[in-house]
Amino acid sequence: MPQVHRRLTVVHRRDCQLCDEMLAELAALARRLPLPPLEVVDVDSDPQLQRRHGLDVPVLLLDGSVVCRHRLDLDELTRLLRGQRAAPADSTVRAS
């Protein structure tokens with residue numbers, strides 16, 4: 001069976017306290033649990049992201065699907081990752 005390569009994405013905005021909180025919580029979680037690679041995308045860098053999410057940030061996506069908005073939902077993220085073998089932990093945050 002092929003290994004599933006998962007990806008977490010945080011859609012954020014500059015100077016957004018909730019966005020900073022979600023990123024800090026994910027960083028802390030990554031020190032305790034192996035997480036898929038994390039990408040950070042600025043909602044204002046892409047008109048399509050602006051239309052889709054607008055002021056409704058941060059948004060945590062797993063493989064492009066919404067996990068949660070505004071606050072990290074640890075239970076939901078854990079449920080979605082459970083049973084899936086995560087790719088090697090690469091919690092490097094890349095801004096786009």
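How many bridges join β3 to strand β4? In this predicted model, the count comes to 4 bridges, and the two strands run antiparallel. Strand β3 covers residues 59-62, while β4 takes in residues 65-69. One spot where they meet is easy to pick out: Val 59 has Arg 69 in β4 as its bridge partner. The hairpin of β3 and β4 leaves 2 residues between the strands, and in this hairpin Asp 63 takes a positive phi near 55 degrees.

β3 also has a partner in strand β1, residues 8-12. Here again the pairing is antiparallel, and it runs over 4 bridges. Leu 8 is the residue that stands opposite Leu 62 in β3. As for the side chains of β3, both faces of the strand are covered. Val 59 and Leu 61 sit on one side, Leu 60 and Leu 62 on the other, and all of them are buried.

Now for the cysteines. The structure holds 1 disulfide, and it is formed by Cys 16 and Cys 19, with sulfur atoms 2.5 Å apart. Which hand does this disulfide have? The torsion about the S-S bond of Cys 16 and Cys 19 is about 75 degrees, so the disulfide is right-handed.

Both ends of this link are tucked away. A residue counts as buried under 20% relative accessible area. Cys 16 comes in at 12% relative accessibility, so it is buried, and Cys 19 is buried too, with a relative accessible area of 0%. Another cysteine, Cys 68, has 7% relative accessibility and therefore also counts as buried.

How values were computed:
Residues are numbered from 1 along each chain as its sequence is written. This is a predicted model: local features need pLDDT of at least 70, side-chain atom pairs count only at pLDDT 80 or more; totals for chains, interfaces and linings use all residues. Side-chain values use heavy atoms; hydrogens and water are left out. A disulfide is a pair of cysteine sulfur atoms within 2.5 Å. Buried means under 20% relative accessible area, exposed over 50%, partly exposed in between (1.4 Å probe, protein chains only). Two strands pair if DSSP finds at least two bridges between them.
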